[in-house]
Amino acid sequence: GYHKLVPKMPIETITLPSLNKEWYARDVVREVMLSAGFSDVYTYGFNNIGEIEVANPIAADKKFLRNNLMGGLKVAALENLKYENEVRIFEFGHVFGKTDGKIREESSFAAIVGFQKRKELQMKGDFYALKGVLETVFTTLGIKGTRYEEAGGELIASVYAGNDLLGTMSLNGFELDFTKMVTLSDAEVAYAVPSRFPSIIRDVSLFVPMSTNAGDVPAII
């Protein structure tokens, strides 16, 4: 019976869990991207092209493990542009390839910006804005010595950190080796004490006569 069971407190050594550097870096980068107006998405891990074919594909156009994230992001951007004038999305995910006949699995980070209509001059501006977001990511992760080298085809630049190739960048997107980014990251884990006081948001509506000067309102406030 239960009365014969002698209660005994277990003896356990309490230790701090080790930091998963990749997941920490994901959280940091995700905050940067969300702040820049991007949405976090998850696309299919299977594709119609790739180096590794699966034995039992889930669909005729998904016979291969994806070897990049950009293909899925382009499809997602085009689908969403049917309903929106502008789309900004990014993704973290695993990509697959082969090296010397052995399957290679890597962690990748990619983003794309899409518009229904865009002039060439505006596209150049979008490229520099996207490059600015990427520079913020590098700064936040503490990755130093980044540089861009001209690349051919649809690619505008190859992205380096020192002598390490991180990935490629086009006019409207980029894809980088996230595992390598984490390895090069020098960001420190910082702890901030949460506020003792809960936040509160209030909307204030102010009605004034039409003759009121706009500059007088903030002056009075």
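Glu86 stands opposite Phe115 in strand S6. Strands here are DSSP runs of E with at least two residues, helices are runs of H or I with at least four, and both are numbered from the N terminus. The model is predicted: local features need pLDDT of at least 70, side-chain atom pairs count only at pLDDT 80 or more, and totals for chains, interfaces and linings use all residues. Residues are numbered from 1 along each chain as its sequence is written, and side-chain values use heavy atoms, with hydrogens and water left out.

Strand S5 (residues 86-99) pairs with S6 in the antiparallel sense, over 14 bridges. Two strands are said to pair if DSSP finds at least two bridges between them. Arg88 has Val113 as its bridge partner in S6. S5 and S6 form a hairpin with two residues between the strands. In this hairpin, Asp100 takes a positive phi near 55°.

S6 spans residues 102-115 and also pairs with strand S10. Five bridges link S6 and S10, again in the antiparallel sense. Ala110 stands opposite Glu175 in S10. Ser108 stands opposite Asp177 of that strand.

Strand S9 (residues 164-170) is another partner of S10. The two run antiparallel and are joined by three bridges. Thr168 of the model stands opposite Glu175 in S10. Glu175 thus has Ala110 opposite it and Thr168 opposite it. A hairpin of two residues leads from S9 to S10.

S10 itself covers residues 173-177 and is mostly covered, with five of its five residues buried. Buried means under 20% relative accessible area, exposed means over 50%, and partly exposed lies in between (1.4 Å probe, protein chains only). Both faces of S10 are covered. On one side, Gly173, Glu175 and Asp177 are buried. On the other side, Phe174 and Leu176 are buried.

The wider sheet is open and has seven strands, in the order S1-S5-S6-S10-S9-S8-S7. Its pairing is mixed. Strands S1 (39-40) and S7 (146-150) stand at the edges, each with a single partner strand, so one side of each is left without a neighbour in the sheet.

Helix H1 (residues 21-35) packs on this sheet and touches S1, S5, S6 and S10. Contact means heavy atoms within 4.5 Å. The direction of H1 makes about 150° with that of S5. Axes are lines fitted to C-alpha atoms, for helices over the stretch in contact, and angles run from 0 to 180 degrees between N-to-C directions. Helix H2 (residues 70-80) lies across S5, S6 and S10. H2 runs at about 30° to S6.
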